[in-house]
Amino acid sequence: MYNLVEISESEITRFLKLKNMQTGDIVECFDDSAVVSDINFNFIQMNHQYDCKIKLFGKVVNDKTDQSIACKIINKDTIIGQKSMVEVLADNKQYYITKKNLENHLDNEIFYFYATRKDLIQVDNVIHADYL
């Protein structure tokens, strides 16, 4: 569960700060759901808790760097909407990565990932339209 603690709006997209209620960590997420559909995440409100799924956007890297994070595969066969995803644990938080981005790394229990951003892909039962 996450608590929405901040919204930074631009013309169409938003950046959200979500507090992970289990770890207390703040996660910054990109939300472009209103760009692609009228069914989007605009319903979320400050200081309310939501079950969120967050995608790591980026690429696998060969070695640990200052910008990469170690990811442990939790579930290789997760489906969000109609997309095949891999559920990972990074810094004690659950994230999702598109399965096709990990084709050559699914046998690795742990891999390094350079995440350029974190995308909000599901809030409660509402799934981002790009995944439907």
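**Notes on the predicted model: salt bridges, cores and a few odd spots**

1. Let me start with one pair: Lys99 and Asp77 make a salt bridge, with 2.6 Å between the closest N and O atoms. (Salt bridge here: a Lys or Arg side-chain nitrogen within 4 Å of a carboxyl oxygen of Asp or Glu.) The two partners come from distant parts of the chain, 22 residues apart: Lys99 sits in the loop between E8 and E9, and Asp77 in strand E6. Strand labels are DSSP runs numbered from the N terminus, where a strand (E) needs at least two residues and a helix (H or I) at least four. Lys99 is partly exposed at 22% relative accessible area, while Asp77 is exposed at 57%. (Buried is under 20% relative accessible area, exposed over 50%, partly exposed in between, with a 1.4 Å probe and protein chains only.)

2. Some housekeeping. This is a predicted model, in which local features need pLDDT of at least 70 and side-chain atom pairs pLDDT 80 or more, whereas totals for chains, interfaces and linings use all residues. Residues are numbered from 1 along each chain as its sequence is written, and side-chain values use heavy atoms, with hydrogens and water left out.

3. How many salt bridges does the structure hold? There are 7. One of them pairs Arg14 with Asp31, with the closest N and O atoms 2.8 Å apart. Arg14 belongs to strand E2 and Asp31 to strand E3, so this bridge ties together parts that are 17 residues apart in sequence. Are these two charged residues buried or exposed? Both Arg14 and Asp31 are buried. As a general reminder, side chains of opposite charge can pair when their charged atoms come close.

4. Arg117 and Asp119 form another salt bridge, where the closest N and O atoms are 2.5 Å apart. Arg117 counts as partly exposed, at 31% relative accessibility, but Asp119 is buried, at 10%. Elsewhere, Glu6, Lys17 and Glu28 are joined into one network by salt bridges that share partners.

5. Now the inside. The largest nonpolar core has 27 residues, and those with the most contacts inside it are Leu18, Ile54, Leu56, Cys71, Val88, Phe111 and Leu120. (A nonpolar core is a set of buried Ala, Val, Leu, Ile, Met, Phe, Trp, Tyr and Cys residues joined through side-chain atoms within 4.5 Å.) Two or more residues each come from E1, E2, E3 (26–31), E5 (52–61), E6, E7 (83–90), E8 (93–98) and E9 (110–123). Another core, of 6 residues, lies apart from it; Ile80, Met85, Tyr96 and Ile127 are among its members.

6. Phe111 is worth clicking on. Leaving aside neighbours within four places in sequence, Phe111 contacts Val60, Ile69, Ala70, Cys71, Ile73, Val88, Ile97 and Leu102. (Contact means heavy atoms within 4.5 Å.)

7. Ile127 is in strand E10 (residues 126–127) and counts as buried at 19% relative accessibility. Which residues does Ile127 touch, not counting those up to four places away in sequence? The list is Phe41, Ile80, Gly81, Ile121, Gln122 and Leu132. For Gly81, 46 residues away along the chain, the C-alpha separation from Ile127 is 6.5 Å.

8. Thr78 is in strand E6 (residues 68–80) and is buried, with 11% relative accessibility. The side chains of Thr78 and Asn75 share a polar contact of 3.5 Å. (Polar contact: a pair of N or O atoms within 3.5 Å; within protein, one must be able to donate a hydrogen and the other to accept it, and residues adjacent in sequence count only if both atoms are side-chain atoms.) Beyond four places in sequence, Thr78 is in contact with Lys83, Ser84, Met85, Glu87 and Tyr96.

9. Check the backbone at the loop between E7 and E8, where Asp91 lies and Asn92 too. Asp91 has a positive phi of about 55° without being a glycine, and Asn92, also not a glycine, has a positive phi near 65°. Asp91 is exposed at 53% relative accessible area, and Asn92 counts as exposed at 60%.
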